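This report describes how the helices of one protein chain are arranged and which residues lie in its interior. Please consult the sequence and the structure while reading.

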Amino acid sequence: RKVREESLRMVEAEEAARQAEDPLSSLPEDSRLGLQRMLEMARDDPLQYMDEDAQQRIGQGRSELKCDVCLIVLEDVERELASRPRSMQSETDILPMLEGVCEGDKDLSVPSYFGVEPPRLPALWADSVRPIQDKKTGRFSLGPFGKKAAKARRKWRQSLAAGDHKPPLPDQNEADTLLRLTCKDMLDPAAMGEALFREHHHCASKDYGSKCQAALRAAAASCKDPAGALCIYPDLSAESADTELDRTSTGT
């Protein structure tokens, strides 16, 4: 009998510890299912709980920033590609890099309730740009962080690297959500990967040096605007004139 009582005490202690870690586990089943659905909605549709003004801004930005975000993403992937050995610069290597480029690592600051993981952290490339809405025209463009916001962002990233996991900064959530959703809207890993592979090796095979901008050339050949036409980048330099042939030969 003593052995049985001791066993029961151990089970009760384990259950108490589990409930302490997950206080929602003691809720009734219908309440748990309701919360699970809410968590899934918050993860899959981040606009669900934003106010109407924020939803309108994000909707506008998703349309106006597609070409800019596409270029930023290709520049980020191209930098990583250039840092790899040539044996790891194939089109097959590029594809998974693009498939995961819109989001960062798992958010370890928040537990996974009911098997629903929290939204992932912002991608690293989102640390370098912010959506900026022009006060006169109302149109969006990408620009750098303000000094104060940049300092806060660096401090947050450094805390993650040190193992001190904290949630993303709440005052940057709207901008990060806009960038993440715009990235997903415009992402075409197959077409972008093919273009980047071609342009990366084109630049590497000729004595162009820094004048050959592989990411910009790839963006001009694969990124599309809201109407479905290829994006036009004014900064595309004269050395990339033969990209015009690529734009037509890809059939896009």
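The following paragraphs treat the overall fold, two helix pairs, and selected buried positions.

**Overall fold**

The model is predicted. The chain contains 10 helices and two strands, and its elements run α-α-α-α-α-β-β-α-α-α-α-α from the N terminus. Of its 252 residues, 35% count as buried. Among contacts with a separation of 6 or more, 61% are accounted for by residues 24 or more positions apart.

**Helix packing**

Two packed helices are described by the angle between their axes and the distance between the axes. The table gives these values for two pairs that involve H5.

| Helix pair | Angle between axes | Distance between axes |
|---|---|---|
| H4 and H5 | about 135° | 10 Å |
| H5 and H8 | roughly 130° | within 9 Å |

Helix H4 covers residues 66-82 and helix H5 covers residues 91-99. With an angle of about 135°, H4 and H5 are therefore oblique to each other, and their crossing is right-handed. On the H4 side, Val-73, Leu-74, Val-77, Glu-80 and Leu-81 take part; they meet Ile-94, Met-97 and Leu-98 of H5. The residues of this contact comprise seven nonpolar, no polar and one charged.

The axes of H5 and H8 cross at roughly 130°, which makes H5 oblique to H8. The crossing of H5 and H8 is likewise right-handed. H5 contributes Glu-91, Ile-94, Leu-95, Leu-98 and Glu-99, while H8 contributes Pro-189, Ala-190, Met-192, Gly-193, Glu-194, Leu-196 and Phe-197. By class, eight of the residues in the contact of H5 with H8 are nonpolar, one is polar and three are charged.

**Helix H4 and its surroundings**

The 17 residues of H4 should span 24 Å at 1.5 Å a residue, and the end C-alpha atoms are 24 Å apart, so the expected and modelled spans agree. Its buried residues are Lys-66, Cys-67, Val-69, Cys-70, Leu-71, Ile-72, Val-73, Leu-74, Val-77, Glu-78 and Leu-81. Of these, Val-73, Leu-74, Val-77 and Leu-81 also belong to the contact with H5. The cover over the buried residues of H4 includes helix H3 (52-64), H5, strand S2 (140-143), helix H7 (173-186), helix H8 (189-205) and helix H9 (214-222).

**Helix H6 and Ser-159**

For the 15 residues of H6, 1.5 Å a residue gives an expected span of 21 Å; the end C-alpha atoms are 21 Å apart, which agrees. Ala-150, Arg-153, Trp-156, Arg-157, Ser-159 and Leu-160 are buried in H6, and what covers them includes strand S1 (130-133) and H7.

Ser-159 lies in helix H6, residues 147-161. Its relative accessible area is 11%, and Ser-159 is therefore buried, the cut-off being under 20%. Apart from neighbours within four places in sequence, Ser-159 is in contact with Asp-164 and Lys-166. Just after H6, Gly-163 adopts a positive phi of about 90°.

**Gly-143 in strand S2**

Is Gly-143 of strand S2 buried or exposed? With a relative accessible area of 10%, Gly-143 is buried. Apart from neighbours within four places in sequence, Gly-143 is in contact with Ser-128, Val-129, Arg-130 and Ile-132. The C-alpha atoms of Gly-143 and Gln-133 are separated by 9.7 Å, and these residues are 10 residues apart along the chain.

Methods. Residues are numbered from 1 along each chain as its sequence is written. This is a predicted model: local features need pLDDT of at least 70, side-chain atom pairs count only at pLDDT 80 or more; totals for chains, interfaces and linings use all residues. Side-chain values use heavy atoms; hydrogens and water are left out. Axes are lines fitted to C-alpha atoms, for helices over the stretch in contact, and angles run from 0 to 180 degrees between N-to-C directions. Helices (H or I, at least four residues) and strands (E, at least two) are DSSP runs, numbered from the N terminus. Angles under 35 degrees count as roughly parallel, over 145 as roughly antiparallel, 65 to 115 as roughly perpendicular and the rest as oblique. A crossing is left-handed if the near helix is turned anticlockwise from the far one by less than a right angle, and right-handed if clockwise. Contact means heavy atoms within 4.5 Å. Ala, Val, Leu, Ile, Met, Phe, Trp, Tyr, Cys and Pro count as nonpolar, Asp, Glu, Lys and Arg as charged, and the others, Gly among them, as polar. The expected span of a helix is 1.5 Å times one less than its number of residues. Buried means under 20% relative accessible area, exposed over 50%, partly exposed in between (1.4 Å probe, protein chains only).
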